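Hi,

Here is the structure I promised to pass on. Have a look at it first, and then read my notes underneath.

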Amino acid sequence: MSEKETSPAILQFAPLNSSVDEGFWHSFSSLKLDKLGIDDSPISITGFYGPCSHPQVSNHLTLLSESLPLDEQSSIASTSHGNRNKCPVPGILYNTNTLESFHKLDKQSLLKAEANKIWDDIQSGKALEDPAVLSRFLVISFADLKKWSFRYWFAFPALVLDPPASLVDLKPASAYFSSEEAESVSAACNEWRHSDLTTDVPFFLVSVSSDSKTSIRHLKDWEACQGDHHKLLFGFYDPCHLPNNPGWPLRNYLALIRSRWNLETVWFFCYRESRGFADLNLSLVGQASVTLASGESAPTVPNSVGWELNKGKRVPRSISLANSMDPTRLAVSAVDLNLKLMRWRALPSLDLNVLSSVKCLLLGAGTLGCQVARTLMGWGIRNITFVDYGKVAMSNPVRQSLYTFEDCVGRGEFKAVAAVKSLKQIFPAMESSGVVMAIPMPGHPISSQEEDSILADCKRLSDLIESHDAVFLLTDTRESRWLPSLLCANANKIAINAALGFDSYMVMRHGAGPTSLSDDMQNLDMNKTNKQRLGCYFCNDVVAPQDSMTDRTLDQQCTVTRPGLAPIAGALAVELLVGVLQHPLGINAKGDNSSLSNGGNNDDSPLGILPHQIRGSVSQFSQITLLGQASNSCTACSETVISEYRERGNSFILEAINHPTYLEDLTGLTELKKAANSFNLDWEDDDTDDEDVAVDM
């Protein structure tokens, strides 16, 4: 009985606990979405801990945003040195792509692999040069980036001594050292902790001479410490606060001591602090008995333990950041998620920065405008400006997806204003604005009293086009698209046109402005753009745009189309824009035809072919792509028209508005029609002797 009472107790260690800062998960989410994708290779990370600094609270090993690698080329996490409260510890993160994979991980094998690294570092001497490797750790995790929830499990591998270490003595450091020694030890520890070179070195030697002088040295100086000390202790930063148990780092420390120096009796010093200075009342000094098992050799790899418990159970921890995040920030992350996932497998070359920075001007906020805006948002485009002068009518909300019944109660909200409000309700991070104005149109003469107002609208429209990167022409009438087409050609802006019939649709992209006038085109190799620029909406017309609104019946005044047309045409219009933005030639990209087996621009554009025009019919459930080159007689984008506009400015616009035939006269369409009307074919009888057909011009 007395033998049991006097036999040494097994040395028990207080487990190390983990703490993960929210910033780590935010940074890891960005790393996963933007760079790692489906790559589930292990990631080197850095944890941080320090000595206990409170008599009732232990320190944790913490992961911060800086715990992750600095960049995608670096497999080593960023390491902070010289910070007394952040001693860096190497770790490794195994993140799985599915929850099932997380549960299937062989945790025992992973733990053993990390423990073997610690043992190898002890045997090779690396642990003497960099003692932090004694505290290696690993984390397994699964990140659900749709719900912003994370499952994770820490392991702090500890080598199991066999037989286990026995605790011979353990007392406060203040009770172990004499008063002179205590004063000297405190001063030496404070000096060690306040030096940038040693403050984050968590394992060290404490040598106290017979005259009570204390020096603290690195582990690699073990040999130099022999024979010149009265007391020699193995010190370490102890994160534990318990008065009767040393912290977890001592386990592997004892394995190092037994393996490297074959010591059977070890005096250890659990260094703890108070208010940034050594606290010998809180710190502990203990004596442990460490013996080799019968027949054991030094190279034998010990067993290991170390998976962290969660409230006493062997289960992972979980955290959800959704509730703690700003709702707008959470919405931004969720909206970007689908686009970033595209880059994982389907479109690795997709340039999301181009999409997020582009500014889109939507001329028309009706059925097409609503559909285009919603699809632009889906592609991550956040800067949209609406131009429309109409108000929301009772018939609009069922067909125009940005409006509700409340928008048309009373006299109705202006569409440009209501659309902006709706976008911000759908996605608060949208940068959207609305402009209530009518677009000046040729064929709609104005009085002299209206000229100033019309010209002000022209100037405003020109400024809007200049300040945006892409323009969508989505208005109800043909003539309302003329001035925007001219201004886009003049400014060399991307213009996307969408128009609806009853059961048919047309979507097209305008080509660049006239080559000889565009500064951007001067140095362009036109061989790469098929030598001829693409046409605009008016290039195939042989008449100038005219008044199409006067003397119209009710069915002609309203946009009467099959309801499925606008979503189709709106989506195709946005897809055309995205294709242009992702193409290396941008607005100068040639037009592809789907009938071409090679797909034309397939090698250049990550999104496939980039057509010029798309025409479809829902009555036939058919769709074709067409190619049309720019016309020298176009009333909107020809060099003649652009030159006249640049030379005459406002007077040119007023003449085009007030004189229906002016544009035809200017571009030569009038002469062309005269020539066509005078072109007669006189067919001779079959038995005539004349071999030629007589043509009168």
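Pro15 sits in the loop that runs between strand S1 (9-10) and strand S2 (18-20); helices (H or I, at least four residues) and strands (E, at least two) are DSSP runs, numbered from the N terminus. Pro15 is exposed, at 58% relative accessible area, where exposed means over 50%, buried under 20%, and partly exposed anything in between (1.4 Å probe, protein chains only). Its C-alpha lies 8.9 Å from that of Pro249, although the two are 234 residues apart in sequence.

Before you go further: this is a predicted model, in which local features need pLDDT of at least 70 and side-chain atom pairs count only at pLDDT 80 or more, while totals for chains, interfaces and linings use all residues. Residues are numbered from 1 along each chain as its sequence is written, and side-chain values use heavy atoms, with hydrogens and water left out.

**The chain as a whole**

The chain has 22 helices and 27 strands. Of its 697 residues, 50% count as buried. Its accessible surface comes to about 33,000 Å², and carbon and sulfur atoms account for 48% of that (areas come from the Shrake-Rupley method with a 1.4 Å probe; for residues, only the protein chains shown count as cover). If you take contacts (heavy atoms within 4.5 Å) between residues at least 6 apart in sequence, 71% of them join residues at least 24 apart.

**Cysteines**

How many disulfides does a search of the whole structure find? Zero, with a disulfide taken as a pair of cysteine sulfur atoms within 2.5 Å. Two cysteines I looked up are Cys87, buried at 0% relative accessible area, and Cys458, buried at 5%.

**Two helices that pack**

Helix H4 (residues 107-124) packs against helix H9 (residues 249-261) at an angle of about 35°, and their axes are 10 Å apart. For these values, axes are lines fitted to C-alpha atoms, for helices over the stretch in contact, and angles run from 0 to 180 degrees between N-to-C directions. The crossing of H4 past H9 is right-handed, that is, the near helix is turned clockwise from the far one by less than a right angle (anticlockwise would be left-handed).

On the H4 side, the residues in the contact are Ile118, Trp119, Ile122, Gln123 and Ser124, and they meet Asn252, Ala255, Leu256, Ser259 and Arg260 of H9. Five of the residues in this contact are nonpolar, four polar and one charged. In this count, Ala, Val, Leu, Ile, Met, Phe, Trp, Tyr, Cys and Pro are nonpolar, Asp, Glu, Lys and Arg are charged, and the others, Gly among them, are polar.

**Backbone oddities**

Check the peptide bond between Asp162 and Pro163: it is cis, with omega about 0°. Pro163 belongs to the loop between strand S7 (149-159) and strand S8 (166-172).

Two residues other than glycine have a positive phi. Trp148 has a phi of about 55° and is found in the loop between strand S6 (137-144) and S7. For Lys311, phi is near 55°, and this residue is in the loop between strand S16 (304-307) and strand S17 (317-320). Is each side chain's residue buried or exposed? Trp148 is buried, at 7% relative accessibility, whereas Lys311 is exposed, at 80%.

**Some buried residues and what they touch**

The contacts in this part leave out neighbours up to four places away in sequence.

- Ala173 lies in helix H6 (residues 173-176) and is buried at 0% relative accessibility. Its contacts are Phe269, Leu280, Ser283, Leu284 and Val285. Between the C-alpha atoms of Ala173 and Arg272, 99 residues apart along the chain, there are 9.9 Å.
- Ala489 is part of helix H16 (residues 482-491) and is buried at 9%. It is in contact with Gly513, Pro514, Cys637 and Ile642. Gly513 is 24 residues away in sequence, with a C-alpha to C-alpha distance of 4.2 Å.
- Tyr505 is in strand S23 (residues 504-509) and is buried at 7%. Among the residues that Tyr505 touches are Leu565, Ile568, Ala569, Leu572 and Arg615. The C-alpha atoms of Tyr505 and Ile568 are 8.5 Å apart, with their positions 63 residues apart along the chain.

Cheers
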